[in-house]
Amino acid sequence: YAANSSNLDINFYDDSSLERFIEHQEINILLSEAIVNDELHIMYQPKVEGDGKLIGLEALLRWNSPVIGVVSPAVFIPIAEKSGLVTSLTRWLISNVCKQINEWQQASVELVPVAINISGADLDQDNFHEQLIKPLIEYKIRPQLIELELTESARSISHEKALSTINHLVNWGFDITIDDFGIGYSGISKLISYPVKKVKIDRQFIKNIDKDKRKAQVIEAIIAMCRVFNIQILAEGTESFAEVDTLIKLGCHNFQGYVFAKPMKAEMVSQLLLIQNVLDFNKCNLVGIVS
Ligand code: C2E
Ligand code: MG
Ligand code: MG
Ligand code: MG
């Protein structure tokens, strides 16, 4: 990538593994300083019911590097997962999300749970559950206000350790969600072995579901399976009301996607929490806020 290209995703111009290795090393070096240099911030994307009622938020990391510009988490998270750096990012994010929730609590607005994305590398640590609880105590936040979205990570981790950590977390009151359901290798086995509360169906299955009979049949089967386990379903990446209508007919009532709201700044969420938790397209121009 060009060293001073601003505002661009990293360009993997060369597929050679040496180039990629150097590129990853550079990203890791820059990223390791991003926290102290105050280059990270958090955006929040609403989760809603079909009528726009706010039911939750997802905290999404953003990195604006003065050297290489804005880098998407889709690029830097997998690199940070491989290097192990992701655990520092998670710690930073949790602490700042708790601080934010505390501010919302002080403003005494009605709160909704905030989801945090957790990597395999986080669960692989011996004391992850203790790390997680510390900022909650510091900022006086109930674990019920934090949801943990588990994404399949590139790094293979100890299943036993992950399960033991997850059981600790569930006992403390944290909800576990399987993120990007359907595209990973272990989605169904997680449903069987983890105490999962919710599933987020990956965007890939949602896109154009109104026009694709086979996709609709797959979603129907996923919904039926989740009913057996008493698991709530959310469709991520809904971009049209035609998709939303189809999903409602199939029995899915929770959504997240650009058609409702893009990831937004905390100040915008404060406004949203104030206006009765409903994304109202007339009252407040919340749709279309650039992430
Ligand atoms: P994810 O957890 O599946 O998050 C959903 C991603 O889809 C977000 O991208 C969100 O902005 C995007 N999205 C939401 N609605 C729509 C839509 O209607 N259309 C389209 N095209 N996209 C939509 P983002 O923020 O770039 O994050 C990408 C991925 O990076 C996340 O996928 C997650 O796996 C990871 N990530 C982001 N923040 C964190 C973090 O703090 N920690 C960890 N471990 N991973 C993170
Ligand atoms: Mg997620
Ligand atoms: Mg997802
Ligand atoms: Mg996804």
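These legends walk through a few close-up views of a predicted model.

**View 1. Four residues hold the magnesium ion that is ligand 2.** Let us start with the donors. Glu58 and Glu149 each offer an OE atom, Asn117 offers OD1 and Asp179 offers OD, at 2.0 to 2.2 Å from the magnesium ion (ligand 2). If you want to find these donors in the sequence, look for the spacing E-x58-N-x31-E-x29-D. Two of them bring distant parts of the chain together: Asn117 belongs to strand E4 (residues 114-118) and Asp179 to strand E6 (residues 175-181), 62 residues apart. Asn117 is partly exposed, with a relative accessible area of 24%, whereas Asp179 is buried, at 8%.

**View 2. Asp179 coordinates two magnesium ions, ligand 2 and ligand 3.** Which distance should you look for here, between the magnesium ion (ligand 2) and the magnesium ion (ligand 3)? The two ions are 3.8 Å apart. Asp179 also faces ligand 1: an oxygen atom of ligand 1 is 2.9 Å from an N or O atom in the Asp179 side chain.

**View 3. Asp180 and Glu236 are the protein donors of the magnesium ion that is ligand 4.** Asp180 gives an OD atom and Glu236 an OE atom, and these lie 2.2 to 2.4 Å from the magnesium ion (ligand 4). Asp180 coordinates the magnesium ion (ligand 3) as well, and ligands 3 and 4 are 3.1 Å apart. Here too the chain is bridged over a distance: Asp180 sits in strand E6 and Glu236 in strand E8 (residues 232-236), 56 residues apart. Is Glu236 buried or exposed? Glu236 counts as buried because its relative accessible area is 11%, which is under the 20% limit.

**View 4. Side chains of Glu58 and Arg62 meet oxygen atoms of ligand 1.** For Glu58, the distance from a side-chain N or O atom to an oxygen atom of ligand 1 is 3.0 Å. For Arg62, the matching distance is 2.9 Å. Ligand 1 has 800 Å² of accessible area on its own, and the protein covers 86% of that area.

**View 5. A shell of 21 residues lies around ligand 1.** The residues that come nearest are Arg62, Asp179, Asp180, Glu239 and Tyr258. Strand E2 (54-65), helix H2 (73-83) and strand E6 are the elements that give two or more residues to this shell. Which of the elements gives the most? That is E2, with 4 residues. By type, the shell divides into 8 nonpolar, 6 polar and 7 charged residues.

Technical notes: Residues numbered from 1 in each chain as written. Chains lettered and ligands numbered in written order. Predicted model: local features only at pLDDT ≥ 70, side-chain atom pairs only at ≥ 80, totals over all residues. Heavy atoms only, no water. Donors = N, O, S within 2.8 Å, 3.2 Å for Na, K, Ca; no water. Buried < 20%, exposed > 50% of the residue type's maximum accessible area, 1.4 Å probe, protein only. Near = heavy atom within 4 Å. Polar contact = N/O pair within 3.5 Å; in protein donor to acceptor, adjacent residues only side chain to side chain. Areas by Shrake-Rupley, 256 points an atom, 1.4 Å probe, with all protein chains shown as cover. Nonpolar A, V, L, I, M, F, W, Y, C, P; charged D, E, K, R; others polar.
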